Structure formats: C-alpha cells, structure tokens
Amino acid sequence: RDLLGDDTDPDSPFTAQQNYWAEQLAGLPEQVTIPTNRPRPAIPSYAGDSTTFHIDPDLHQTLSELARSTGTTMYMVLQASFAALMTRLGAGTDIPLGAPIAGRTDENLDQLIGFFVNTLVLRTNTANNPTFTDLLTQVRQTSLAAYTHQDIPFEHLVEKLNPHRSSSHHPLFQISLGLQNTEQPNFELPGLHVESGGVGTGTARFDLAIVVTEERGDDGDPSGMNGVIEFSTDLYDRSTIEALTTRWTRLLQAIATDPSQPISSPDILTPTEHNQLRAWATTPRPEINDTTLPDLFEARAKAGPYTTVLDTGDATWSYAELNARANQIAHWLISRGIGAEQLVALALPRGAELFAAILGVVKAGAGYLPVDPDHPADRIAYMLTDAAPALLLSTDRLARDLVGGETEIIPLSAYSADADQQPSSNPTDADRVAPLTPRHLAYTIYTSGSTGRPKGTTVTHTGLASLAATLGDRSATGPDSRTLQLASPSFDASMLEFLLAVSNGGTLVLPPPGRLAGEELGRILAEQRITHAFIPPSILDTVPPAIAQNLPDLVHLLVGAEPFPPHLVDLWAPGRALYNVYGPTETTVLTTISRPLAQLPTPIGYPNHNVRTYVLDERLQQTPVGVGGELYIAGRGLARGYLNRPGLTSERFVADPFGEPGERMYRTGDLVRWNQDGELEYLGRTDDQVKIRGFRIEPGEIQAALTQLPGIAQAVVIAREDQPGDTRLVAYVVPETDHSVSTAEVRDHLRQQLPDYMVPAAIVALDSIPLTRNGKIDRNALPAPVHTSAGLGRPARTPQEQILTAAFAEILGLPN
C-alpha cells in the first residue's frame, strides 16, 4: 500500500495500474485453450499429470540470437510462438496466457527472503496472419507495458475486473507459461553427488502449466532448454500433450530458420501424420463405375424382377412392375421432347406413383425437381420461376391449386392415361432426345438460402453408384430388407431411402402421406416389420421408449441431419446396428457413415466409397488429429453447384489443392475434427446455418422475410436450446419508430412465405438489438423467450384433464 497508494485514490499508482488492466483485458474470451480429449467437467477434479520435453542446444542458440536481434527476450519468443501454435490449433486469434513474474520491483526486496511471485495476463493478438517478427514486435510492446503495471496482485485484479466466473475453469486464462532462467545454486556435499529432480503432485491448477528452464554451459552459452507441462487429466490424454510439444518444437525450428514467414506457413504435421490423414480422407473403390440411376435400377429389376420393391400397405409393386411403369412415363416424356438437362417438377405425395414418376423422368434423360405441395404458394412459385421446369406433374387435386407461371401443369389422370399407351421397354439412347450420361442432371433440390430465397442444388448421376454401393456394403441390405420411406420428397433423404432399399434388391415401405412421429411412427415400424430406416434424432426422440425397446425387426438404423443426443444412443443402440450419417445436398445426399455406435461420443463417420474429406484451417492446410477445422468434400458425389447462382457456386465449390488439376471441393461450413479412430466428429458451424428436425435452415432467409414486413426495422433469428435436446428458432425484431409488433400477425405473414419448419417458435420484440464492444450482434445477450399460453379455453376440471394439461405443459415448456 505504501508503494501503490490506495485503490480509492483516483490519482494513485494503484488506480492507474488497475485502469490499465481493465482496458487491456476488456472483451477477453472466457475460455482459450487447446482442443481437449474430453468435455470440460462442470466441477474439475484438479487431477493432473506431467510430461517433459527438450529443446536441443542448436535450436536454443538460434532462438537466443533471434531474441537479441529483435530486442526481445527468450520468454517473449516462447510466448509468441506458443500463441501462434494455439491459433494454429484452433484456439482463435485472441490468446491470453498466464505469466508468473518475480514481483521484486522494489530494491528493498533484493536481499529479503520470501515468495513475491505475481501472475500477469499477457494477451497476444494473432489476427491477420502476421509474420513471426511482427508478432514478436507486438508481444514486446504488450509485455513491456504489462511489466510496468505488474504490482497489482492477480487475485485483486480478478476481484476488480469481475470476469464471468465458473467452477469449471480458471478465470482470465487457462494456460500458463513460465521461463526459469536464473542461475541455479551449486549445492554440494562432501563425498556426494547432488542433483535436483522433479516430484509430481498428481494435480493440475490450470488446463496446462508450462515451465521451461534454460540451461547454460560453463562459458554461459545456451546449452538447451528443458520443459515440463503439467496438464489436467480431466481434459487431456498424455499422447495429446506429447503431440503438442512435438508441434511446438517443429514451429520453433521453422521460425528460427525464417522468422519473416507468416505464422500460418510452418508445417506443424509430421510426415507420418500427413500419411495418416491422406489414408483417412478417402475410401477408394475404383472398380465402381460411374453409371446412371436408370442403369442402377434396371440392373436390379433384371436380377430380381418379381421381388417386391414398393409396399404401400394396400398394394405391392415388383421391380418389374415399377420398371415397366417408369418406362411408360419415360417414353411419354420423350414423345413430348423432354430429355437431358431439362427439369420436370413433381408435386406428388408419398406413394408408388411418385417413385414411378422419378424413375420415368430420369429414364427419359431429364432431371426431376421435387415440389412439396405443403409449402407456401409463394415459395413454390419462386422455385418454379427460378428452375423453369419443362413440365409439372401433380395429382388432379393439387394441380387445381398450384400456380406454375409459365410451367405447364399436367394432372396425374391426364399423363397416366397417355403413358398407358406407351411401350414398357427400357428406353435407350436411340429413343431419347439425347444420350444420357452420368454427368447429366439427375435432380435439383431447393434448400434454405442465406440471401432470403431458397437455392437449387443441381446434382448429377455421378455419385449415385458409389453411394448405393456404400449403403449396400455398410448396412447389410438384401432382398429381405424392408426400408421405411419417411422423408419428404423435397428432402434428398428420400433418395437415400430409395437407394438403401434397392441397392441390394430390398423393399421400400411407403406409409400413408403425412408426417410420421411418436406412437404412429413406432406402430408403422413394428407392423410393417421395418428392418432399415433413416430417422432424424428429433423425430426418433418422439417414439416412446417402450416401443423403441420392442422392435426386433429394426436391425439397422441410420440417424443424421442434426446432432445426436446421448440418451438416444443409450435407448436405440442395444439390439441393432446404429449409424450416425452426414452429408450435405451438395455432395449427393450422404458423405460419411459412422461405424456402429455403442456409446459416446457419436462421430459422423468416415468417407463413403470414392468420396474425399478434408479438415482444413483458414489457409486450406490440413489440421492435426483432434484439432477442429472446416470440412471440405471432394470426389465423385460433388454437385454441379447452384442453379442460376454462379457467384454462390464459385464461393462454395472451390479448387481442390489435393486433387487432380481441375477438380473441385465443396466448402461445407461445418466444423469437424478427426478422432483417434479415423472418424470425423461434428463440432458446429462456421456460419449461422442450423438444422432443426433434419431441415437445413439459413436464419438469413427468415431475417430477410421479417425485415420485408411493414413496421419491422431489424430482425435477428437464432436457434436456442433452452431445454436440453429441444432446439427452437427464435426471432428478435425491432419495430420501426411509432410502430408496434403483433407476433401473431408476423407469424401469419411468415407462414405465407416460408415452410412451417422455418417459422420461428417464438417472436420477441426488442427496443434494440444488443451489440458487443466491436459492434457485432451479442447473441449471448439476446433474452430467452417467455412462452405463455394463449389464454383461451377453460381451466382443467377433472383429475384426468389436470394430468393431460400438465403433460402438455411439460412438453411445451409452459407453466401448468
């Protein structure tokens, strides 16, 4: 207090130092660490272990020379290099490290025995990929400023700054870095050789605590550095920390050789790691020839013509019957001049005629465009205008209600009668308007778009054969298999279900039109003796546990399209092969399939046949095992791009630096990492895109629809999970001046423009959108919506009604 003065005195050194740290640490990230092997526990055990590493004398000498030439210290070199390494390992670009400092700034302490060590928080900004020399310059400036403000005890600083506190991690920093460079006393006893040795405590105060000790020869020259890393065993395996020290050493060697290179340039992977990642990135099956969907189906129809391919409950269709009907539709389309590179829209409900029409369209050489009749008229009209299909085939009832613009709409009764007069033989290239090849268009599917309008992904036949072979190999389908057709035709999972069924000659079971969930889904699975199914987790979660545990026929279950909660693994894995699958529409339905799941975690799998998957950082460099990066996909299944959207296509489909010249890869926007078993684990998104109930949603499209409404000045849409496993869309709107917002009217307007699954579950009116210090939307500050009842109806009167209303309230998250 004599040195710093009183913290209540605005002119005291104490207040000056406190103000410095308040400004220096403003906006500090809550957690910055290296990727963990396990989720961070809510309450740490503080169990720890340690490992050692060594830096050889030559590298020590070179680093010392680098420090001298840049006017820095060895500690600054180590700090800058470790911050660069953390950025390379996905920790971000705002890197705080804890730094122990001697605390003997007062000369009166020089001869005093005691422990005066304090801890500083040294913050390094690695944004914009600086060169190492530029980073060192920044670190030098920051460190020197910190050293002149080092007197405030760390504990007092935490108290004054009052950062978000959590029992799960240390405040302000999670990794400390110390350098021991003072001369060690020479402790000698007569007749004895004495040397110091480390003693492990079995504990860990931080995620990582790194201490590096400089060694000097008798002449004072650098003779190597020895390091010890104490790590939390709650979070890390020893192998992870050993790999960390290897990467740090490689990075130090690279920057010592050329400190003028950007921090992203050094290769931190060993040759062995590069070979491993190349091996994991693909599952080559060159013997699988590219072929068309008609060829695939016709081969199955020839192999088992009388095997049932479609079961509607009321009737069954054999492979031969479906093939013949599809051929008649194809010949009818060809007679109307329909062929390769044209689109035929299909607005048909789930049923045999839908799949006959799909096959008929592709057999004619054209591509099909599925249109969900339940979508708003405005969305359907946009799709038809944008895609400009040559024809739209629909049921008689739906045809009366659809507005196709310039597209000719032909009802089922009309084209069915005309098709009846056509031959039932397989059309050949001699019959078609133009020859059909695997590179021709197979289908176009519209998904949510960030610009406010859906975008059409154009997919060719090229990847279908490899996908069918993957599904057949990994899910053990056969003639006795019965696959459930659950997905909407406008969702490419319907193609997954079709190929899953026919890949090895099985049956596709078609329940009545409409959405299936809950007990009704469970009943269909049981009564129809379903053996194979693809069901998104949110729908799977609606099936009562008692039914889930009593489905002996369901031996292969695929889940995907959204994160897979742990409790569903426990419920659905016993007694069957449970697979987590992943794939964007842009890569032909499916890209990866996991090995059968039995316990956590739930990876999204490894690549399908002839698909390549890369996990890359911002510089398109491969990330190490366990380190997150963006997933890029290449190989046979890659779509052409987006219909009439060349700019967006070039943005998402980029040159493949690992493939042959001219090859492309798709930038998914998904964050993943490789695990030690060679499977990918899903970590999140690089943008705002979300998946809810299996539907891919761009919040930007909903925001654009909201801001087009009169009286709304701003809008933000996010996905919230206020209750575990219950993800909902929430819209936050700011009314224009002198306007009020009726959430009911807003929701009604949205239903006229957007599918039901894109209409937010809650709409919250705000005076303004909260912003961070940097002017960005502060999503963490957006309030949770308050769900209330509509206030209609009467209170429950009987015990039975009270039980029923309580059950509904619990499910909906409302007060009873």
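Me: What makes β11 and strand β12 (residues 408-411) count as paired in this predicted model?

Reply: Two strands pair if at least two bridges are found between them, and β11 and β12 are joined in the parallel sense over 4 bridges, so the pairing follows from the definition. One of the contacts across this pair can be named, since the bridge partner of Ser394 in β12 is Pro411.

Me: How do you know that strand β9 (residues 343-347) is also paired with β11?

Reply: The requirement is at least two bridges, and 4 bridges join β9 to β11, which run parallel, so this pair qualifies as well. Within the pair, Ala345 stands opposite Leu392 in β11.

Me: Which way do the side chains of β11 (residues 391-394) point, and are they buried or exposed?

Reply: Leu391 and Leu393 point one way from the strand, whereas Leu392 and Ser394 point the other way, and all are buried. In a regular strand the side chains alternate between the two faces of the sheet.

Me: Why is the contact between Glu287 and Arg285 called a salt bridge?

Reply: The term requires a side-chain nitrogen of Lys or Arg within 4 Å of a carboxyl oxygen of Asp or Glu; here the N to O distance is 2.2 Å, so the pair meets the rule. Salt bridges that share partners join Arg285, Glu287 and Asp473 into one network, and by this rule the count comes to 25 salt bridges.

Me: Why are Glu287 and Arg285 called partly exposed?

Reply: Partly exposed covers the range between under 20%, which is buried, and over 50%, which is exposed. Glu287 has 48% relative accessibility and therefore counts as partly exposed, and Arg285, at 24%, therefore counts as partly exposed too.

Me: How do you know that Glu298 and Lys363 are buried?

Reply: Buried means under 20% relative accessible area; Glu298 has 15% and so counts as buried, while Lys363 has 0% and so is buried as well. The side chains of Glu298 and Lys363 meet in a salt bridge (2.6 Å, N to O). This pair links distant parts of the chain, with Glu298 in helix α8 (residues 293-303) and Lys363 in helix α10, 65 residues apart.

Me: What makes the salt bridge of Arg612 with Asp656 a tie between separate parts of the sequence?

Reply: The closest N and O atoms of Arg612 and Asp656 are 2.8 Å apart, and both residues are buried. Arg612 lies in strand β22 (residues 611-616) and Asp656 in the loop between β25 (653-655) and β26 (664-674), so the pair ties together parts that are 44 residues apart in sequence.

Me: How do you know that the buried residues of helix α16 line one face?

Reply: The buried residues of α16 (residues 518-527) are Gly518, Leu521, Gly522, Ile524 and Leu525. Seen down the helix axis, these buried residues fall within an arc of 160°, so they line one face of the helix. On the other side of α16, Glu519 and Glu527 are exposed, and the buried residues pack against β15 (482-484), α17 (537-540) and α18 (545-548).

Me: Which residues touch the most other members of the largest nonpolar core?

Reply: Of its 69 residues, Phe297, Leu310, Leu471, Met495, Phe498 and Leu499 touch the most other members. Helix α10 (residues 352-364) gives the most to this core, with 10 residues.

Technical notes: Residues numbered from 1 in each chain as written. Predicted model: local features only at pLDDT ≥ 70, side-chain atom pairs only at ≥ 80, totals over all residues. Heavy atoms only, no water. Buried < 20%, exposed > 50% of the residue type's maximum accessible area, 1.4 Å probe, protein only. Helix = DSSP H or I, 4+ residues; strand = E, 2+ residues; numbered from the N terminus. Core = buried A, V, L, I, M, F, W, Y, C linked by side-chain atoms within 4.5 Å. Arc of directions from axis to C-beta. Contact = heavy atoms within 4.5 Å.
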